[in-house]
Amino acid sequence: MNYKIKNTDERLSCCIGYDRKTWFRSQVPCAYDTETAAYAACRMIRHLPPVRDRLIAEAVSLGLRSGRQARALQRRIHTRAAALSLPGGEAWIYLTVRQGAIQIRGVRVEKKKPRT
């Protein structure tokens, strides 16, 4: 599934999506499947301007490069699982940024850590 996204001033755009290779790992019992977790990650990125704008700028910048400089970049986003509407404490979103595209590689959710 792919979605078209634009940055805040609507000058730059790229695609964000996930595919069958996307994975989901949760340390807490969860009724959601991989597709639901990947969609939640896409939705969070689309609605979070600072992160969205930075990722779009990287994807567009890679599109303007050639050769070794145009290699895909691996990125991680650390957030709360609640921001993804998933149960648990912390969450990590693993991304690959390519020329004109952002691909969700996986989502990992960790247990809530006890307060000390």
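**From a loop residue to the nonpolar core**

Ser-85 is found in the loop that connects strand 4 (73-80) with strand 5 (90-98). The model described here is a predicted one. Although Ser-85 is not a glycine, its phi is positive, at about 60°. Its relative accessible area is 47%, so Ser-85 counts as partly exposed.

Glu-10 also has a positive phi of about 60° and is likewise not a glycine. The loop that holds Glu-10 runs between strand 1 and strand 2. With a relative accessible area of 58%, over the 50% that marks an exposed residue, Glu-10 is therefore classed as exposed.

The loop of Glu-10 leads to the strands on either side. Strand 1 (residues 2-6) and strand 2 (residues 13-17) are paired in the antiparallel sense, with 5 bridges between them. These two strands form a hairpin with 6 residues between the strands, and Glu-10 is the residue there that takes a positive phi near 60°. Within this pairing, Lys-4 has Cys-15 of strand 2 as its bridge partner.

Strand 2 also pairs with strand 6 (residues 101-109), here in the parallel sense and over 3 bridges. Cys-15 appears again in this pairing, standing opposite Ala-101 of strand 6. Cys-15 thus has a place in both pairings of strand 2, with Lys-4 as bridge partner and with Ala-101 opposite in strand 6.

From the strands, the description turns to the interior. In soluble globular proteins, nonpolar side chains tend to be buried together. The largest nonpolar core in this model comprises 30 residues, and Leu-84, Ile-104 and Val-107 have the most contacts inside it. At least two residues of this core come from each of strand 2, helix 1 (34-46), helix 2 (49-63), strand 5 and strand 6. Helix 1 provides the largest share, 7 residues.

Which residues does Ile-104 touch, not counting residues up to four places away in sequence? One group of contacts consists of Ile-16, Gly-17, Tyr-18 and Thr-22. A further group is made up of Ala-38, Ala-41, Cys-42 and Ile-45. Ile-93, Tyr-94 and Leu-95 complete the set of residues that Ile-104 touches.

Taken together, strand 2 pairs with strand 1 in the antiparallel sense, pairs with strand 6 in the parallel sense, and supplies at least two residues of the largest nonpolar core.

Technical notes:
Residues are numbered from 1 along each chain as its sequence is written. This is a predicted model: local features need pLDDT of at least 70, side-chain atom pairs count only at pLDDT 80 or more; totals for chains, interfaces and linings use all residues. Side-chain values use heavy atoms; hydrogens and water are left out. Two strands pair if DSSP finds at least two bridges between them. Helices (H or I, at least four residues) and strands (E, at least two) are DSSP runs, numbered from the N terminus. Buried means under 20% relative accessible area, exposed over 50%, partly exposed in between (1.4 Å probe, protein chains only). A nonpolar core is a set of buried Ala, Val, Leu, Ile, Met, Phe, Trp, Tyr and Cys residues joined through side-chain atoms within 4.5 Å. Contact means heavy atoms within 4.5 Å.
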